[in-house]
Amino acid sequence: MDSSTTAGLWDRLTGIQTAPEQWLVIATGVVALAAVGPRPLWRLSRNAITIAHEGGHGLLALLTGRRLSGIRLHSDTSGVTVSRGKPTGLGMVLTAAGGYTAPSLLGLGGAALLSAHRITLLLWAATALLVAMLVMIRNAYGALTVVLTGGTFLLVSWLTPAEVQAGFAYLVVWFLLLGGVRPVFELGAKRRGGGAPDSDADQLGRLTHLHPVVWLLFFHVVALCSLVGGGRWLLGL
């Protein structure tokens with residue numbers, strides 16, 4: 001690849017794109033809400049939230065110096081991330097806390113990029129994260145899910161006009177912000193029913209000697225604050 005092509009790719013990556021019309025921003029938010037709301041749709045769309053959830057565990061494990069052994073994504077929208085290292089301490093706490101907070105924080109970061117009109121940068125960054133995650137996937141269903149998701153980002157970012165890219169980017173960010181809220185409520189419902197005894201909140205409770213409800217409230221705060229803050233950025237408020 002010659003220097004002019006490299007320069008062109010760099011300019012495309014770091015350039016500023018035109019913001020979409022306000023009606024498109026609102027419409028993508030409505031579509032994202034529809035994908036999160038009804039149970040039949042949510043059972044399908046939740047797979048994308050699981051990718052972000054397990055990716056959050058994996059990223060925090062690497063950032064805190066743990067050895068990431070692998071990630072598995074299952075057809076029931078559950079997932080498992082296995083890392084090796086000290087079983088207690090800050091690194092393990094951050095790794096355990098990285099799951100339920102990841103979709104919302106990714107959505108908040110995406111909203112910040114879109115508010116700065118960096119649509120291409122968002123799409124390419126998401127694609128790069130999915131490619132990096134694919135290396136650590138250890139089951140066929142998980143690999144298929146990540147490949148399809150990454151392939152969608154790649155096709156949209158390379159083959160579609162700017163208006164479609166903008167709509168897709170806003171839809172993804174709205175979905176992460178909205179989709180990051182529902183799993184926390186689902187976790188609370190499971191715990192009230194006596195389920196999920198080994199949930200992230202319960203693991204964090206054992207690691208920090210704080211009641212798991214404290215961590216559940218923390219997940220709620222992160223999800224709801226990200227939704228409010230990210231939503232304001234997306235709507236230009």
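Buried means under 20% relative accessible area, exposed means over 50%, and partly exposed lies in between (1.4 Å probe, protein chains only). The model is predicted, so local features need pLDDT of at least 70 and side-chain atom pairs count only at pLDDT 80 or more, while totals for chains, interfaces and linings use all residues. Residues are numbered from 1 along each chain as its sequence is written, and side-chain values use heavy atoms, with hydrogens and water left out.

**Exercise 1. Classify L235 as buried, partly exposed or exposed, and list what it touches.**

Step 1. Locate the residue: L235 lies in helix α10. Helices (H or I, at least four residues) and strands (E, at least two) are DSSP runs, numbered from the N terminus.

Step 2. Compare its accessibility with the cut-offs. L235 has 26% relative accessibility, so it counts as partly exposed.

Step 3. List the contacts, where contact means heavy atoms within 4.5 Å. Not counting residues up to four places away in sequence, L235 touches Q22, V25, I26 and W174.

Step 4. Add a distance. L235 and G56 are 179 residues apart in sequence, and their C-alpha atoms are 26 Å apart in space.

**Exercise 2. Describe the overall make-up of the protein: how many helices and strands are there, and in what order?**

Step 1. Count the elements: the protein has ten helices and two strands.

Step 2. Read them along the sequence. The pattern is α-α-α-β-β-α-α-α-α-α-α-α.

Step 3. Test the compactness. The radius of gyration is 18 Å, close to the 18 Å that the globule rule gives for 237 residues, so the protein is as compact as a globular protein of that length. The radius is taken over C-alpha atoms, and the rule is 2.2 Å times the number of residues to the power 0.38.

Step 4. Add the outer dimensions: along the principal axes, the C-alpha atoms fill a box of roughly 55 × 40 × 30 Å.

Step 5. Look at burial and contacts. Of the 237 residues, 45% count as buried. Among contacts between residues at least 6 apart in sequence, 74% join residues at least 24 apart.

Step 6. Look at the surface. The protein exposes about 12300 Å², and carbon and sulfur atoms supply 70% of this area. Accessible areas come from the Shrake-Rupley method with a 1.4 Å probe; for residues, only the protein chains shown count as cover.

**Exercise 3. Check the span of helix α5 against its number of residues, then examine I119.**

Step 1. State the rule: the expected span of a helix is 1.5 Å times one less than its number of residues.

Step 2. Apply the rule. Helix α5 covers residues 119–134, which is 16 residues, so it should span 22 Å; its end C-alpha atoms are 23 Å apart, which agrees.

Step 3. List the buried residues of α5: I119, T120, L122, L123, W124, A126, T127, L130 and M133.

Step 4. Take I119, which lies in this helix. Its relative accessible area is 3%, so I119 is buried.

Step 5. Find the partners of I119. Leaving aside neighbours within four places in sequence, I119 is in contact with Q17, T18, L114, Q165, A166 and A169.

**Exercise 4. Set H117 and H209 side by side: where does each lie, and is each buried, partly exposed or exposed?**

Step 1. Place them. H117 is in the loop between α4 (90–115) and α5, and H209 is in the loop between α9 (200–208) and α10 (212–235).

Step 2. Read the backbone angles. Phi of H117 is near 65 degrees, a positive value in a residue other than glycine. H209 also is not a glycine, and its phi is positive at about 65 degrees.

Step 3. Classify them. H117 has a relative accessible area of 30%, so it is partly exposed. H209 has 72% relative accessibility, so it counts as exposed.

**Exercise 5. Describe the surroundings of S69.**

Step 1. Locate S69: it is found in strand β1 (residues 67–73).

Step 2. Classify S69. With a relative accessible area of 25%, S69 is partly exposed.

Step 3. List its contacts. Not counting residues up to four places away in sequence, S69 touches V82, S83, R84, M136 and R138.

Step 4. Take R84 from that list. S69 and R84 are 15 residues apart in sequence and 6.9 Å apart in space, C-alpha to C-alpha.
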